[in-house]
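Here is a short briefing on one protein chain. Look over the sequence and the 3D view, then work through the points by topic.

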Amino acid sequence: MSSSDAINRIALITSGGDAPGMNAAIRAVVLTAEHYGIEVIGFRHGYEGLLTNDFVKLGREQVEHILQYSGTIIKSARSERFKTDDGAREAAENLDAHQIDGFIVIGGDGSFRGANHLAKFWQGPIIGVPGTIDNDLYGTDNTIGYDTAVETAMDALDKIRDTAEAMDRVFIVEVMGRNAGYIGISSAMACGSERMILPELQKDKPLTVDALVKHIEAVHRVRGDSSYVMVLCENQWPGGAVHLAEQLEDRLNFPCRPCLLGHVQRGGRPTAMDRILATRLGVHAVELIRRGETGVMAGVERNELTQTPLQDTWMERKKLSQELIDIQTKLFNPVKKERHKATQK
């Protein structure tokens, strides 16, 4: 009997922070499994649902028209109890009690660490599907939810630019991304922001208040009264956007306003790109289980389906594109423009 013939029932969870497109991935898993005659059981509230045995059978009727909705129909959560050996052992026993032959988790690196922990006590195939707006997982070019989060941030930044232009103000817009600058650099480039503060850049050459003041003043000298929009990644400034705005306003002669986008970036209708990515990865996850793969994440690199060991997804560092950093630096540098004018004189 082949490995695919041995797969009769798959368990599915969404774990950690929700991301637009998770429902599309759930739909893809369920419909692909149905194609092969495989049952799918969804455990609600992530790993906590494995412990409380909170489950629902998922079929075509439950998932056929959910891909356009954000969030996750089987809910998500974090579970401290599951992190213990006793918790993971109990979860494994529940999977066996349901005669589960394969396990799929949709989430980020914390969810994949949980899958790795579960593998110590449960021997069935385990596959990860990257669902996080942060796009910080090694082994896939994009994660489910990232494209929608960037669109949401860009839309907010466009609106902020309107009011910044009307009032000649400095706006500091704080975006999510945890320890990665993907949402920051993409939204900054898409909206034409004058400055971005990213974790990848802060490590090598941290920005200071003096440097920011100098840049803002140079912009105003070159353009006259005008707007200035700065994109700040979360956790990259002590006190965040609010404190930075206070520091800058003490040094400048015009208002500085903070704006925290927060969890609005996790909501909203998934973009076409996220729906397509989620569908491809959901199908790929089921196919990996049928092939007997385990302990890997389903991903897409250079538009080709891939699989990466779960541990590599958080242990290897996914590098931010230096090309994007260079482009953003070249497109707006008023200090160099000032020097050029002085040389012409």
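A residue counts as exposed when its relative accessible area is over 50%, as buried when that area is under 20%, and as partly exposed in between. Lys83 has a relative accessibility of 55%, so Lys83 is exposed. Keep in mind that this is a predicted model.

**Loop residues**

- Lys83 sits in the loop that links helix H3 (60-63) to helix H4 (85-97).
- Lys83 and Ala25 are 58 residues apart in sequence. Their C-alpha atoms are 25 Å apart in space.
- Gly145 is in the loop between strand E5 (126-130) and helix H6 (146-167).
- Is Gly145 buried or exposed? Its relative accessible area is 0%, so Gly145 is buried.
- Setting aside residues up to four places away in sequence, Gly145 touches Ala19, Pro20, Ile133 and Asp274.
- Gly145 and Gly71 are 74 residues apart along the chain, and 9.9 Å separates their C-alpha atoms.

**Positive phi angles**

- Gln99 is not a glycine, yet its phi is positive, near 55°.
- Gln99 lies in the loop between H4 and strand E4 (102-107). Its relative accessibility is 57%, so Gln99 is exposed.
- Asp168 is not a glycine either, and its phi is positive at about 50°.
- Asp168 belongs to the loop between H6 and E6, and it follows H6.
- Asp168 has a relative accessible area of 26% and is therefore partly exposed.
- Gly292 comes just after H11 and has a positive phi of about 90°.

**Helix H6**

- How far apart are the end C-alpha atoms of H6? They are 31 Å apart. The 22 residues of H6 should span 32 Å at 1.5 Å a residue, so the two values agree.
- The buried residues of H6 are Tyr146, Thr148, Ala149, Val150, Ala153, Ala156, Leu157, Ile160, Arg161 and Ala164.
- An α-helix has 3.6 residues a turn, so residues three or four places apart point the same way. Keep that in mind as you read the list of buried residues in H6.
- Which elements do the buried residues of H6 pack against? Three are helices or strands met further along the chain: strand E6 (170-175), helix H7 (182-191) and strand E8 (228-233) are among them. Strand E9 (256-260) and helix H11 (272-290) are also packing partners.**Helix H11**

- H11 has 19 residues. From its first C-alpha to its last, H11 reaches 27 Å, close to the 27 Å expected at 1.5 Å a residue.
- In H11 the buried residues are Asp274, Leu277, Ala278, Leu281, Gly282, His284, Ala285, Val286, Leu288, Ile289 and Arg290.
- His284 is part of H11. Its relative accessibility is 6%, so His284 counts as buried.
- What does His284 contact, leaving aside neighbours within four places in sequence? Its contacts are Ala298, Gly299, Leu305, Thr306 and Gln307.

**Where H1 meets H11**

- The axes of helix H1 (residues 22-35) and H11 come within 7 Å and cross at roughly 40°. That angle makes H1 oblique to H11.
- H1 passes H11 in a right-handed crossing.
- On the H1 side, the contact is made by Ala24, Ala25, Ala28, Val29, Thr32 and Ala33. On the H11 side, Arg275, Ala278, Thr279, Gly282, Val283, Val286 and Glu287 take part.
- The residues of this contact between H1 and H11 divide into eight nonpolar, three polar and two charged.

**Where H7 meets H13**

- The axes of H7 and helix H13 (residues 322-331) come within 11 Å and cross at roughly 40°. That makes H7 oblique to H13.
- The crossing of H7 and H13 is left-handed.
- Ile185, Ala188 and Met189 of H7 meet Leu324, Ile325, Ile327 and Gln328 of H13.
- How do the residues of the contact of H7 with H13 divide? Six are nonpolar, one is polar and none is charged.

Key. Residues are numbered from 1 along each chain as its sequence is written. This is a predicted model: local features need pLDDT of at least 70, side-chain atom pairs count only at pLDDT 80 or more; totals for chains, interfaces and linings use all residues. Side-chain values use heavy atoms; hydrogens and water are left out. Helices (H or I, at least four residues) and strands (E, at least two) are DSSP runs, numbered from the N terminus. Buried means under 20% relative accessible area, exposed over 50%, partly exposed in between (1.4 Å probe, protein chains only). Contact means heavy atoms within 4.5 Å. The expected span of a helix is 1.5 Å times one less than its number of residues. Axes are lines fitted to C-alpha atoms, for helices over the stretch in contact, and angles run from 0 to 180 degrees between N-to-C directions. Angles under 35 degrees count as roughly parallel, over 145 as roughly antiparallel, 65 to 115 as roughly perpendicular and the rest as oblique. A crossing is left-handed if the near helix is turned anticlockwise from the far one by less than a right angle, and right-handed if clockwise. Ala, Val, Leu, Ile, Met, Phe, Trp, Tyr, Cys and Pro count as nonpolar, Asp, Glu, Lys and Arg as charged, and the others, Gly among them, as polar.
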